[in-house]
Each structure stands twice: as C-alpha cells, then as structure tokens.
Amino acid sequence: LEEPLIFERGSVDVTGVDIEDAPKVASRLGGLERNRDIGLPGLSEPETVRHYTRLSRQNYAIDLGLFPLGSCTMKHNPRLNERVARMPGFADVHPLQPVDTVQGAFAVVDELADWLLKLTNMTSIAMSPKAGAHGELCGVLCIKSALEKRGDTERKIVLVPESAHGTNPATAAFAGFKVENIPATPEGRVDLEALKARLGPDVAGVMITNPNTCGLFERDMKAISDAVHDAGGYVYCDGANFNAIVGRVRPGDLGIDAMHINLHKTFSTPHGGGGPGSGPVVLSEALAPFAPLPFVTRQADGSLHLVEEETVGEDHPDSFGRMTAFHGQMGMFTRALTYILSHGADGLRQVAEDSVLNANYILRSLEDVLEAPFGPSGPCMHEAIFSDAGLAEGFSTLDIAKALIDEGFHPMTMYFPLVVHGAMLIEPTETESKGSLDQFIGALRSVAGRAKAGDETLKSAPHFAPRRRLDETQAARKPMLVWKDPVQAEAAE
Amino acid sequence: LEEPLIFERGSVDVTGVDIEDAPKVASRLGGLERNRDIGLPGLSEPETVRHYTRLSRQNYAIDLGLFPLGSCTMKHNPRLNERVARMPGFADVHPLQPVDTVQGAFAVVDELADWLLKLTNMTSIAMSPKAGAHGELCGVLCIKSALEKRGDTERKIVLVPESAHGTNPATAAFAGFKVENIPATPEGRVDLEALKARLGPDVAGVMITNPNTCGLFERDMKAISDAVHDAGGYVYCDGANFNAIVGRVRPGDLGIDAMHINLHKTFSTPHGGGGPGSGPVVLSEALAPFAPLPFVTRQADGSLHLVEEETVGEDHPDSFGRMTAFHGQMGMFTRALTYILSHGADGLRQVAEDSVLNANYILRSLEDVLEAPFGPSGPCMHEAIFSDAGLAEGFSTLDIAKALIDEGFHPMTMYFPLVVHGAMLIEPTETESKGSLDQFIGALRSVAGRAKAGDETLKSAPHFAPRRRLDETQAARKPMLVWKDPVQAEAAE
Amino acid sequence: MRYLPLTDADRGEMLARVGAATIDDLFVDVPEHARFDGPIPNLPLHASEMAVERHMGRLSRQNLSAGDAPFFLGCGAYRHHVPASVDHIIQRGEFLTAYTPYQPEIAQGTLQMMFEFQTQVARLLGCDLANASMYDGSTACWEAITMARRVTRRAKAILSSGLHPHYVSVANTMAKFTGDVLETGLPELTAEPDTASLIDRIDDDTSCVVVQYPDILGRVSDLSELAAACHAKKALLVAVVTEPVALGALKAPGEMGADIVVGEGQALGVGLQFGGPYCGLFACSEKLVRQMPGRLTGETVDAEGKRGFVLTLSTREQHIRREKATSNICTSSVLCALAMSVHMTLLGEKGLRQLAARNHARACQTADRLAKVPGVEVVNDSFFNEFTVKLSKEARPVVRDLADKGVLAGVSLGRLWPDAEALANGLVIAVTETVTDEDIEALTSGLEEALA
Amino acid sequence: MRYLPLTDADRGEMLARVGAATIDDLFVDVPEHARFDGPIPNLPLHASEMAVERHMGRLSRQNLSAGDAPFFLGCGAYRHHVPASVDHIIQRGEFLTAYTPYQPEIAQGTLQMMFEFQTQVARLLGCDLANASMYDGSTACWEAITMARRVTRRAKAILSSGLHPHYVSVANTMAKFTGDVLETGLPELTAEPDTASLIDRIDDDTSCVVVQYPDILGRVSDLSELAAACHAKKALLVAVVTEPVALGALKAPGEMGADIVVGEGQALGVGLQFGGPYCGLFACSEKLVRQMPGRLTGETVDAEGKRGFVLTLSTREQHIRREKATSNICTSSVLCALAMSVHMTLLGEKGLRQLAARNHARACQTADRLAKVPGVEVVNDSFFNEFTVKLSKEARPVVRDLADKGVLAGVSLGRLWPDAEALANGLVIAVTETVTDEDIEALTSGLEEALA
C-alpha cells in the first residue's frame, strides 16, 4: 500500500487531540483574528501513528543495518541516551529560568565541557554552536577576532585542502575570508612544503581535517601548525573525523587552535534524518578570550554561574558575541555526556581502536577488487576510500551504490572527497560486528565484480527498494516544494 | 537479508551490559555452583537493537493497518497509556510494599473497578484474573461456590452455545463441569425454547457470549437469564465482545451473574503478540460473596484497604480463594483506566456506536460478493460474519485470508465460529477511518471476485509477505521447539 | 475524541449505505429497558490527554516508588536494573500492537522471538524445552501440578513448605474445585529447607513434589536426591524458580533431575509493576511435551523451503480441543516474554553470570552487616540474593515503621502468613545489584533503631 | 563495553587480515609525542548503565522542572502539552537513527515527512513555501537578513526593537564579521509596538525590516502597512514568529505581506529542553526560492513513474557550491521538524485553533487577574498568550524570590537587557494551556507578597 500525504488523507475538521474549551473572554488580538482557512489537515491519533509508522518503514537506518557513510560516523545510538534526555529535569526546563533553579543543567554543560577539554587537551570551549558547520563558523570567527584584536586586518586568505568538506570553504567565505586550496601529496596528505611556500602576511590561517577525508592521519600536523603559527596564522581543525582518535590522540598536542566536535558523530547523539547536531568548539589559549556567549563558569563555592551579555563586559571583554539564542543543544549535551560516561576514558580509546580496525579490515578485504588510491599510503584511519578506476566502461560509483541498496545495505559516501575520481568513502564505525562487516564485504565484492564484468542490471538498481531511482533533474528543474491540491492547482492554470 | 537466530549470531562471551565487579566474598550457594555451560548467547547493545528491530519488521500490527480479527477487538493502543504505565509510581512499586506506601496503586484499582461496575451495572468485581480465560474461570468458580454454599451439588452441567469461544467449554471442564451444547436458531441466536427445555436440576448454569460470536445481540438475553435463574442456575456472560455495547448497554440490566471484561480488547491495552491480557470479572449480588482474593475496599476515612488472606476470614468468609500471586495485572489497570478517563462515558458510548457502524458498513458493502449467513437477521453488532458459500470449487476461506495478506491487510478470523461453514469473522473496531474501511472493502471485493472466478494464484498466496505459506503439518509432526546447534545435533544422531 | 477517526459526515454516509436512519437503528436488538438515551449516568465525560496525564500522575505520586527508597523486597518479585533498550524494543509498534501470531506469514517477528525465548528459557532452567510463557509463576505452578496429574494419573501433590504462600494459595483454590489433593505445610525458620521431609512423604499416590528453588526464605538445597526419590515412586519433581537471575550462579533444577520447571520471569526485563503483568515460565523434558499447557512455537519451512516459525501442537489447546484441552489458557504473556528475552540476549551467559555473582556477593555483604545488629539473627546458611532474618520482635510493625522513614526493608513473613505466630518475627531481605552501600547503611541503622 | 561488538578473538583475526601485529601499528602515522600507552589521564573509566543513569538522574533532580511548579516563562520558548504519540514516533529507530536522506530510494520516510512539513509550515506562516528546518529561530533570523542582502544587494537591515534580544545579539555578532549594517534599538514599555517608527526609517539602502510578531513583549500589530512601506522602497519585510501556536488565532505574517517569515517551531511538539535542540522555520515567497538557505525536499517520480521525494535545489548548498553557497549550513533539525510535523498533524486546523483560543483566553484571564494586584500594571493592549507587566519594583529579584518559593513567574526584562534601566521593572508572562487555576493563584499571591 502506498502511503498518501496527510493532505490527501486528513481533513481540517479532524483532530487527534482533545483540548479543553476556551473560557469565554473578549478577544485582545488587536483585531488580527485569522479568519481565512489555514489549510492544515488533521488526523485522529490512530491514523497519525499509522501514517508515520508506515512512513518510517520506508527508511533505512542504523537500527536496521550497516550505514557506512564516510565522514558521517553513523554509529549506534544508545537508548540510555534517549531515556536520560527525557528526564523531566532536562527535558522540561526553560532556558531562561533563574540560574539557581537549573544548576543541574549547567552541571551537565560543565561536566561535558571538562571531558571534551581533557580529551582534546585544549584550553577553553564554546558549547553553544548548533552543529558542525556552526562550530566551524565559531572557530573561524575566533580567528578573525584574534586577528582584529592584534590589528592584523590584512590577512584575508584561508587555506583549505581540496579534499575538505564543503562546509569549510563555505564557512570561511561566510566570515568574509577568501579561500585558496592547499595541494595534496600523491599519498593523500597535505603537501607541507607547498603549504609553507604559500604562507605569508595575507594568510589568516588554515582549515584542515584530521584525520583527513582520504581516511589518513595528517602525519605532519604538528609541523603544519608550527609553520602556520610561525607565519602569524591560526590553525582550524575540522573535527568531523574525531572518532578515529578519540581517547587516543589529543588534538591539542598537535598545535591546533580550534576544533569543532560533532556530538552527533563521535558522541552518538541521534542524527534523526539530518539533525539536530551539536558542534562545541575547543580553543587554544590564543583563541580562548574570543569565545562566544554564553558560557558556564564554576564559582569558588562550587555553584555554576552563567556568563551572558550582562557580565561579559567585565569578565570577558573580547568575546565575539552570541551565536544563537539560549545555551546551545542541551538535549544533545545530556546524550553525549551519557555516552561519554558510559564509555569512560578506556572505552573511548577502544572506540577509536575498533573504528580504525574495522575500516582497515574493510580496506584490506576489498582492495583486490576495488582500486584503493591511498592503500599503499599505509593504514587508514576510521574510513577507507576507493575509486571507480577499473569498473567496466559506462559503470559508475553511483551504480555500485544503488546496487548495494539491493543487497540490503545503505551505500557509502559517493563522489567525496573530490580529489578521488568516483570516490567511495566507507566508514563502518566501531559498533559494527565482524559478522556485519563480513556480510557487507561479501556484498560489495559481489557488486564490484558485477560492475567490472559489465552487468547491465546494476544500472537500473535499486530493484528492491521502496522506490526505483528518482528523477532529481525534474525535481530541480520544476521544483514542487509544497503540496498543492490538484483540483485547485488545475483550476489555477 | 534474513535475520539469523541469536544462537547463530551471538556468543556466550559477548555481553550487551556492563556490570560492576562483584566484591570478593566467600560463596554461600550451598555448594550448588552452576559449573556447566548454560548456552545463552549474548549480543552487544547495537546488535541487540538491530536484531529485534529487524524481527519486528516481519510483523503486521495495528500500527501498520487494519487488523480485522473477529472477536479480538484489535483497536488502536493509545501512546498515553504507555506513558502512564511507565510512571515510576506505577512501574517501580513492589506488590508487597506496606499498604500505606501504595495508596495510589490501590486508588487505580478502586477507580477502575468503579468504572467497570458502573458501565456494567453490577454489584461487585474481581480484579485479579490475568486474562479473559482466567476471568471465565473466576466466574465459573463463583458459580460453583454459590452452588456448594447452598448445598446444591448435583448440578454438573454447564450449557454452552456451539458458537462459543473454545475457552468457555475448556474453562467449564477445568472447573469440573460437564459441557453440553445449546442449539442456535437459524438466524444465529440462542434457541430460547430449546434452552428452556434443557434446564433442570442438573444444570449449574449457562455461558453465553453477548453480543454473540455471530455478531448478533442476544435479543432474548433477559429472558434467558430469567429462565436460568428460575431453574436454579446462574448466567455467565462472556464479555469478549463488550466493545459493541460499552457505554451504551449495561449487561447487569440483562440479568447476568458474572461477566469478564477483556481489558486488552475493549479497553485498549496492548496485545503484544499474544498477551498480557487482563480479565476482571463483574459479579451480581448473588455471586459477590464468593469473589476471589485479593481485593481493595475503601475505608470510612477514604484510605484504601487490601483484603487478602489475613482479613478475609472475618469480612469475606465465602471468598473462594486466590487465583494468582499478588494483585492482578496492575500494568494493564493503569492503561485501561487511562483509556477510560480519556473517553469518558460519552466517548465510550461513541466507541460502541462507531464500532457497530463500521461493522455494519462492512457487512452491507460485501454481502453482494460474499455470503452473509446472518445478513437477513438484521444489523450486526461490532463484527460481520461471512461464509465460504459461493466460492469456486476448491477455494477456501484460507485462500481468501492469505490473498488479503498480499493486499496489505491482516486477514479476518477464519473458521470461527464453528457454526458457519468456512466462517470469516470481521471486526474492524471503531478506530478505523472510513477511508481505511473502503480500502479494505475494495481489497476483499477483489479477492472474493477472484476466488469465485477460480483464480489459481490465490491458492499459493501470500506472494509478497516475509514468508510464503508455512508447513504447519511438519511443525506438528516432528516438533522442533528449541534451537539445537546443527553441529551438536548431527553429532548426537 | 482523539482516538475516533469517523467524522459526522462519514457517519452520515455510512448510515446511508447501511440503510439505517440513525445509529439507534443498529441497536434495535437491545431490549428497550436496557437502552439509554445518552451516556451512562454518574460517570465523567471525556478528558484531554493533559488532564488524564495529570490525574494519573497524581495517583502515581501517592506511591513510594522503589527507586526513591532503599529497597529490599523480594519474595517472588525482584527489582533489577533493566537496560533502556529493552523498553525501546517492546515499544516497537510491530511488537506492541500485534495479535497472537495466527497468520505466521506476517508474524515471523513474534514467532522467531518466541522460538528464541523458548530456547533461552529451556537452557536457563536446564530443561529440554519450554513454552512461550504463561500468565505468571503462580498460575504456571498450578498448571504444572495438573500436568503432573495428567501424566501420572495420580491426584496427590506434595507442596514444599518453602513454596511461595501465594503459589500455595492459588493451588489450594484450584484444587478445591478440581479434586486434586494437596499436602502443604508451614515453613520453619531453620537453615535447612524441608527436602528431607519431602522425600519421606512420597508414596505411590503422589503425582508430584513441588519445591521452590531458592525457596521462599531464600534457602537453596540440592534437588538431585529429591528427584531420584520422586522417580523411584514414578512421581514427577516440579521445581519452581521465582528469581531466574539465581540460575546464573546456581545449578539449574533441570540439571538436578526436575521433570517440570516452572517459574516467574519478571526479574529479567519485566520490572516490578506492582505485581503484574509478569511472565510465567514453563519448561519440561521432551517426553512430556504433549501434556504441556500453553503456546508453543516450532520451526518449519515455507512453500519455498525457507525456514520459518509457526504456533504448533495446538491440538492441546482450547480453541481446537475445547473442553478436552490441556488448559483453558488462551492469552499468554508474550510482550513480557519479549522483554525477558531481550534482557537475556543483552546479558548473554557472560553478563548473566556477572549479574548473578554481583547479586550474591552484595547479599552476602548485607547479611554479614545485619548479623552484627543486636536483635537480628540470619536464618540462612545458603542463599542467592535473598535471605531471612529473625528479629527480636514482630517483623511486620518494624517494616511499617521503616517504611514511614522511607526505607523499604523487606517482606515480613507476617504479611505472607498472617496467622503463623512462629513466623511473625521473620523478615525476608532481597539484595540485588540496585542496592547501594548507602542503602545497606540505611537498612542497618533503621533496624538498629527499631530493635533497640 | 556494551556498545562494542568486537571480541578479542575478532580483533585478533582482523588484525591478521589487515597485516598488523597490534592495534598500535594502525596508528603509526600519529607522531610519537602525541601517543598514550593507556587511557587519557585524569578521566574516569567506563561505567554501567545503572551507574550512569543514577548520576544523570541526580543532576536532573538538581533542576526545578517546569512541571513541578506554576510556570509562566516564554520569551522564545513555550511550554505546551505534547501528545505522547509524538515522542513515540520520533523514537522509531527508522526516523531516529537515519542520516540525511542522500539516498532517496531508501529514505522516503524522512523525505515525505519533510515535504509534508514544508507544506504545513508554509501554510501556517502564510507563505508560498518553506524549507525543511534550520538550527533554530535565532539563526534562521540571521539567515533571513543575509538572504535579504543577497536579494536586494543592499546591506542595511532595520531590526525592530520588539525582536527577541538574543536574536538581535546573534545578528549583531554575525554582522560584525560580514559587514552587514544593522539598526537596532531598545523597546519601550508601551502598549504599541514600534511599527510606525520602523516605517519612518525605511530608505533606499534598506535591505529589509525585521519585525517579531507577536513581539518580545507579546504585542501584536498589523504588518500590512509595514509591508507596503518596505515594498515601496524595494526592501523586504522579514517577520519572525517565536510562538507558532499564535498563528492558530492570529493572521499569518505572509497573509499581511511579509516576504520572508522565519520562526522558532519549538512550541509545537519539541518541548523546552533548556533551549535546544529547537526547530528553525524558514518560509518565503516562491520567487525568492533560489536564494533560500537550508535543505529543500521536492516531489518527483522514480524510474517506474511512482511519486517520490528528493532533496533538491542543492546547487544552493555548501556541499556543491562550497564557498559560493547561500549558507554554510549542513545539519538541519529534521528530528525536531518531525516532532513539530506530527504535532501539527495531530492538531489539524481544528485542534490548532482550539489550542490557540484556549491559550489566548487563559492569558486574558491571567492578565485581568494580575491587573488587580497593587503594583502590577499590564502594559499590553493586545497580545496572544504572553504579555508584559510593569511592576512597582525591579522584576529580576522578584522573579528570583518567587523561584525560591517554587513559582516560575516569567522572564524579567532585566534578564534579557541587563543594562537597560527603563526596562528593569518589566516582566513577561506567558500563559499556555498547561497553566491551571491554582497556578494563576500562586502567581498572583506570590506577586502580591513580593510587591507588598
């Protein structure tokens, strides 16, 4: 059975809630009563539950199987996190309650901040960024603030490797910088010498992902940091791939100045189909004074104090200001802290180790059937990358991905990073068992074999999904972004 | 992907829980340490969640669509019920806590009891029966106790209509009665005259389902009750079909002496794949003294008092004793009370009306394509019955049922009641929308048409379910009721 | 009416199709005197979700929940930590809102789970096979007694004095009506269970001996000799387990020769819930399978040869056999069985053994601590996570006093056997992994004060 | 390590396949000085689920949760009753644990829901179309300002003094770096919003006017004239809605001519959560679509011609356009959007209007009640469910005093504008359907006492 839209099934006369009658009072709406129809259909509760339950079953999810999207860290989302986030003291408190009535909430912020600082060996942390890209922006704004503070306003360039996430250049541009690419070595790492050559008085800093999106640890990270610092710039580290090193390597030991941490990747908060995320940013001593509002500080008496607009003038004159209303993604903080406490320092180290082991296992189990451009560069970190070299004429990474759907798996990240042709970036995460990896490897070997042999059925895959390949071109050319009643729509034409 | 068994996937060395180390103490297990392997495989939490999530997706459920099992009342299970049942004051209290510390729990029992008594207009209620059949047993034991109390020990016969649920005769037999059938009239009701003729000093009572399993209200119920009472017997009413009349007709007004109420049918507690149920039994004044332990009484000061073994001697000397440990299905009481309060007396009446309307809508929308043996008897109650008359040679009710699976629906109850050949008993419940009924009617019309036309593909249906027809004969002939390691099993042979 | 999808317009159209002028026309068969014009009187009308939640929340807060107090109650219901994923899984709509798997093609989720559950339970209890759950332990126990009667064609069952008194009550109630003969007795506050006395009493009329393990006072004893004695007289040994976690540390009854092992699965995954719904366990040896009550799932193949599962051996059951069924049971406790099965899967053998070890060690520590309190005497030599103490005064008021101070100290034997003076000073104390050091201290000082 | 499925045996086998002797061999690229032999120091080791739950529970109980107090806070975050089914649905693993729907063939659940959400939001806000959510209202507001700059190629935005000060702060922070010019100001404690003054200030350099509706003090005013004034100068009108329930009673900004309507969806389905995650709303007129930030879902067909949904117009986004994208946003707030969408579906137009009507009526009753308290002056003539009172003394300490007595009285303007003396006596009071008569009495008597 196909599931219709709520607009096709529901009615504006139906409601799935019972609401007490409004007492009769004279309206004080300033004469702005909404008299025209809104057009919001309602469904009774049984119909609502059924509609969304049916819809949900058209989704793939980590609860159903391996979700090897490279750079996305689709790991298991523990159910304890969900239980904790729903405790009334967390779920049912208002962000503007008097500070005395929310000491437990600030304690969560403080405790999580402490963990993140110790795990990264950094000086300070901004908790409020709402997601990874927002965290990047936070870091870049700290850099810009620091440059302005020292009157160094001529530095307009931010250097970004070609393999970077799209958010990096977008963020730098958003903050008013110009973006230039850093070249890579053939083995997939930043070309240190080329970088050094480009550094100078116009360079504000670099944005580097480490481990990088080719799945490699930037071996020269410390040297890069030193060179950038020597040239008067700052080092931003994209922490999207922190999962590979959490609990095992502290980015602060590598000289970076700022790094965001995706709580929804490394620390298991649910992705929920595309968000919410949460992107706290750890900062070096050099950037710490510029951290955005608000933040929490612990007083001598142990009570927690909130620094917002009110007191910032005295205590933190260089803060660059507020990035969002309220305090950040509290609901994600509770989940991330729950996860961190569950694992502990030893468990997190094991997370990094198992995630790297799983990725290497995939890399070495597939490199005979798929081209692994950086296979010879040594062990990968928590993701393995392959290219489309060697597929039969006319067969692409897309075909492999769609065929994997028919095998019961979510495909890997396709065509990213851009530096690898037809890239397939596979990140299994540590929460996959060996049995699960073996199944996936078997499926991918079979698909790769068929793609090399030129099996035409691949091109029309998937065959067994809720939908066949969708026409994205039509969607973009004549966008239909909201539902329109076909009767009315026709009448309008 | 096929989902393996946990025994094929898990390992005795893996665990999905972390448990604090046991302090070292000298064991006091009486020398009975379990040294041999138990053979319980474990899975990590991610694997566990995935295993059961995948399994769940092989199920049909009311959350996915219409579930028209006649006599089973598969209605929507409100999520508020689940939230309430998990409140710590209900979910996390021990049945033997001091009575002062569980007044709220007894208040739930008391409030639910009050509703059920008022909805049925009966005198007393036994809350502890664990399910419908347990409730039947409770009622029959009350009857037996009453007979014994008055020294009337020669009454060995319980009369049961042929159309009764299997539990009725099984219960009567379990309590030591002999069962005799009551004939039905051609229009599908109890034959009052035949019943009267059979009554006599050997008859303990009757067990009658009302509305009956042919979907009809027993129009002569009061006359039946009067006749049975006149003959010295008691009237047990099977309340499985109470949904058709809840809030609209009070069984106590029809002269019955005992009736169980399936909280998991009429009052929306979840069925959960076959239980738990809950079967409180309402009793007439004649049977009230014999109600089982424990029960709750309200004191003059408003506090709630628990009557168990301790005080029963003085206050309730005729109680026939205890049917279960503790107090009954508390977790179902909270859900049922939540449901009842949500609906109120007006909403429950609407439940009965809509459930009856939905069933009649189905009856009248299908009787031209399927034989409705009692269609001419007038309106049905909350379920509609059809027979296999008119299907092509070699086509059966089973084929229709299995073909409905391919149409995306759960089949109706098949081959019950026994009085209709190839019976199909359809109970839509009130929580189906008209749109949902129309879809179902359309599907069933199409299937019926094909069955009449002799479409052979029906016989191999379902084609699109997680499994094709299963070999039940093999399962029964050579029962494999537990998993055996194939290696060990082979070695053993 | 948030649960009712029909609109008045729908109702009108549908009545027209049905050929009725009003809804009352569909209730014509209800006699005049039993009809109401409106809602049944003296009952409130419908209420919003918010209002209902508030009302129920108020009632909930009138209870002292176990998590809010040092908590030591057992005697057939145990408080263990249940992983959050268990509740997540049982709330999957496909499990929660499915019916009995009568259509196996679209119920493999429930059926496979039941098959796994049967296997887990059989292994845990040390038996060949198990069914897919009963109402609870007490009713499962009675079913075992009647099954023994069917198997042996004898009517006399000997019930250990260490059997939970509610279980004894249930059996007594039923036996009154069925004519079964039960021998029962009061336990004594001694270190040894009544195994020896049971052995003495077995005779040629005995259908079975029913013994609880660990027993109601927490004592454990080897059942092998008892089993041999039963078998020598062609009687069955029925063992009852109310704390399944114990079997992560203790030999299983099946290993020691019990023919039928029944139990209460609540401790694993189900939660306290004020006594229900719980999860009755029923396991036995393979040769007795056709006399078993309750639902059974079996492995088979589908029309394409794929493995699948179905309800089987239903010729034992009431919907086929009617008055000749092995039991009148229809509903089981599948959702609780699912919770238990998920918890067992999460634990695995490793986790179960760790959990059992921690329970036992903590109970030992608590017993040692309490033994030092003047007026407290520990009765047991052997126990798992539950033991009995004899106080210097009547236990029931002591328990009530401690409850007033926010300590839920255990189950007084006076609550279970109100008339038995010899037991009045007995208090059964359960110690699970949920008990903290502070909890033990609170119990100790509470008892010190009460007994001073 | 309950979340880690690999056993040591697995690890050994896998290392062998990889060709590494130890796990350290896989970390060879990490420089020596950055390696540890064991866990990172000064941090605790792993803990059981029970221990973590206990710890977090303790922290949770250090907060006074809204449900445990008479509660009147608003100012951008509102407490409404969320039906239990909303939370059930967002916990479906297929929604909760899915990623961004990059593979539409196996993500139609999320995509169709997003399409429905876009339509619901567009209709609610009175616009042609809406995106599939932003981080929250404050960031959506800034995105609207930058979008207006792109559309008009002008850099000056005029922000109403009635705009939430956190939203203003966010915009000010960003503008410092981007070079946008913002005109802002402090609100006055008067019955009228600053609409007239805004109209006066629009000039040919103005990219947009940003106005909140109802504004931070709860006031509402007709935006039609303001929209006309903007359009006359070819500027855009950006309207901000922080309480979407209001639009069940009040005309939508889009109906009154706003070009972009952004907002905070939290009030519907999401819950308070101490400020996040929330659900940013972003809607605009059709002609502006290619300048919109954020994800968009569009309808299309699959290879068999069946209707389906895909992410579309992604050429605006960072992963394609990189430094030329309309925004750097990647993550959105889909799970919160789902919660909001489910709540809107449950309500429907009928329920939303009833809910809004009840909120408004209860707020009116509360305002009338408080107006009688000596020392309390109600500032607003018009409002929805939130209004401002001027106290006879500074509001911030009054709020703290009442909190000590267990009443959460509202948001003092001193909390929002710590330096503005003219606002110090202002208190914003929100009254939703969750407020009871007893709550209103508690607030009233609390204020009476505090102001006496």
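**Stop 1: a pair inside one helix**

Start by selecting Arg349(B), which is buried at a relative accessible area of 8%. Here, buried means under 20% relative accessible area, exposed means over 50%, and partly exposed is in between, using a 1.4 Å probe and protein chains only. Before you go on, know that this is a predicted model, in which local features need pLDDT of at least 70 and side-chain atom pairs count only at pLDDT 80 or more, while totals for chains, interfaces and linings use all residues. Residues are numbered from 1 along each chain as its sequence is written, chains are lettered from A and ligands numbered from 1 in the order in which they are written, and side-chain values use heavy atoms, with hydrogens and water left out.

Now add Glu353(B), which forms a salt bridge with Arg349(B), the closest N and O atoms being 3.4 Å apart. A salt bridge is a side-chain nitrogen of Lys or Arg within 4 Å of a carboxyl oxygen of Asp or Glu. Glu353(B) is also buried, at 10% relative accessible area. Both residues sit in helix α11 (residues 330-366) of chain B, four residues apart, about one turn of the helix. Helices (H or I, at least four residues) and strands (E, at least two) are DSSP runs, numbered from the N terminus.

Switch to chain A and pick Glu353(A) with Arg349(A): their salt bridge has its closest N and O atoms 3.5 Å apart. Both of these residues are buried. Glu353(A) and Arg349(A) are about one helical turn from each other because they are four residues apart in helix α11 (residues 330-366) of chain A.

**Stop 2: a link between two helices**

Move to chain C and select Asp437(C) and Arg362(C), whose salt bridge brings N and O atoms to 2.8 Å at the closest. Asp437(C) lies in helix α14 (residues 437-451) of chain C and Arg362(C) in helix α11 of chain C, so the pair ties together parts 75 residues apart in sequence. Is each partner buried or partly exposed? Asp437(C) is partly exposed, with 47% relative accessible area, whereas Arg362(C) counts as buried at 5%.

For a wider view, select Arg57(A), Arg57(B), Arg92(C), Glu94(C), Arg92(D) and Glu94(D), which salt bridges with shared partners join into one network. Over all chains, the structure holds 122 salt bridges.

**Stop 3: where chains D and A meet**

Show chains D and A together. How many residues does the contact take from each chain? It takes 200 from chain D and 212 from chain A, where contact means heavy atoms within 4.5 Å. The two chains bury about 17800 Å² between them, 62% of it on carbon and sulfur atoms. Buried area is the accessible area (1.4 Å probe) that two parts lose on being put together, summed over both. Highlight Tyr99(D), Phe177(D) and Phe274(D): they supply 6% of the area that chain D buries against chain A, more than any other three residues.

Across this interface the rule finds 18 salt bridges. One to zoom in on joins Glu304(D) and Arg468(A), with the closest N and O atoms 3.0 Å apart. Next, color helix α11 (residues 334-371) of chain D, which gives 27 residues, the largest share of the side of chain D that touches chain A.

**Stop 4: where chains C and B meet**

Now show chains C and B, where 201 residues of chain C are in contact with 212 residues of chain B. The area buried between them is about 17800 Å², with 62% from carbon and sulfur atoms. Select Glu2(B) and Lys306(C) to see a salt bridge whose closest N and O atoms are 3.8 Å apart. Helix α11 (residues 334-371) of chain C gives the most to the side of chain C that touches chain B, with 27 residues.

**Stop 5: backbone details**

Most residues other than glycine have a negative phi, and most peptide bonds are trans. Center on Ser268(B), which has a positive phi of about 65° although it is not a glycine. Ser268(B) lies in the loop between β6 and β7 of chain B, buried at a relative accessible area of 0%.

In that loop, between β6 (258-260) and β7 (281-283), you can also find Pro276(B). The peptide bond from Gly275(B) to Pro276(B) is cis, with omega near 5°. Another cis peptide bond joins Phe416(B) and Pro417(B), with omega about 0°. Pro417(B) is in the loop between β11 (413-414) and β12 (424-426) of chain B.
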